[in-house]
Amino acid sequence: MHSSLQIVAVPAFADNYLWLVHDPDSRETAVIDPGDPAPVMAEAGRRGWRIDKIFNTHWHPDHTGGNLAIKAATGADIWGPAGENGRVPGLDHPLGEGDTVQIGAHCAQVMEVPGHTIGHIAYWFAGDKAAFVGDTLFAMGCGRLFEGTPEQMHASLSRLAGLPEDTELYCAHEYTLSNARFAAQAFPDDAAIADRLLAVEQSRIAGQPTVPTNVAIERATNPFLRADNAEHFARLRAAKDDYR
Ligand SMILES: [Zn+2]
């Protein structure tokens, strides 16, 4: 029997969430996608946690910009996508599909979920019902296709949507309000989407985060999970790119 992971959102930049993850039993702490070192180290310090591990989902600087500073300050090792080796600062341990990482006794499986970037990975802690999905899936949305194809992103989203429905999804940005408004426009007669838009508006007015989300909620209300093929997905993604 062991304790649950403690997962803390650290807001950074305009709308990023950097995730601190702590195992009370081993006292091991990891940070997922530390784009900015200062708020992460401040929050860990406040809690008396020493950062032992850095896990990156992809190379973008708002996810990796704190790697070297945190490593220099704490000696933390850095894990990240093998498919982006050379672009992830300080990468010590390249990861691919089926690899595992640990925080204490808590184990995550690595899933390759390309599309936003070509080597993007997600970390699925099955025993903790938690997945860190970076910029692949957002609440009611998904990442832009900077490097991958619609086919790749459609497959990646389908894999995440296929996780057990009570899996919490830890996204890396607070994009939900814009995503919800787009979803309501794309599916104007959908009651579940309309209800969620109202709830998201209320959360944001109250200054509350709308992530994590979970697989069941996304299956019900994420427009990008409704695309039944890559072509349909590509049309929806292009419409969102143009939406303001
Ligand atoms: Zn990104």
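**Asp-36 and the zinc site**

Biologist: Which backbone nitrogen lies 3.3 Å from a polar atom of the side chain of Asp-36?
Modeller: This is a predicted model. Asp-36 sits in the loop between strand E3 (29–32) and helix H1 (37–47). A polar atom of its side chain lies 3.3 Å from the backbone nitrogen of Ala-38.

Biologist: Is Asp-36 buried, partly exposed or exposed?
Modeller: Buried needs under 20% relative accessible area, and exposed needs over 50%. Asp-36 has 23% relative accessibility, so this residue counts as partly exposed.

Biologist: Which residues does Asp-36 touch, not counting those up to four places away in sequence?
Modeller: Thr-213 is 23 Å away, C-alpha to C-alpha, and 177 residues apart in sequence. The residues that Asp-36 does touch are Ala-12, Phe-13, Leu-18 and Gly-66.

Biologist: Which residues coordinate the zinc ion?
Modeller: Along the chain, the donors follow the spacing H-x1-H-x55-H-x18-D. They coordinate at 2.2 to 2.3 Å. The residues are His-58 (NE2), His-60 (ND1), His-116 (NE2) and Asp-135 (OD).

Biologist: How many residues apart are His-60 and His-116?
Modeller: Both are buried. His-60 is in the loop between strand E4 (51–55) and helix H2 (61–64). His-116 is in the loop between strand E8 (106–112) and strand E9 (121–125). The pair links distant parts of the chain, and the separation is 56 residues.

Biologist: Is the site of the zinc ion tetrahedral or irregular?
Modeller: Four donors count as tetrahedral if all angles lie between 85 and 135 degrees. Here the angles among the four donor atoms run from 89 to 172 degrees. The site is irregular.

Note on methods:
Residues numbered from 1 in each chain as written. Predicted model: local features only at pLDDT ≥ 70, side-chain atom pairs only at ≥ 80, totals over all residues. Heavy atoms only, no water. Helix = DSSP H or I, 4+ residues; strand = E, 2+ residues; numbered from the N terminus. Buried < 20%, exposed > 50% of the residue type's maximum accessible area, 1.4 Å probe, protein only. Contact = heavy atoms within 4.5 Å. Polar contact = N/O pair within 3.5 Å; in protein donor to acceptor, adjacent residues only side chain to side chain. Donors = N, O, S within 2.8 Å, 3.2 Å for Na, K, Ca; no water. Tetrahedral: all angles 85-135°; square planar, octahedral: opposite > 155°, others 65-115°.
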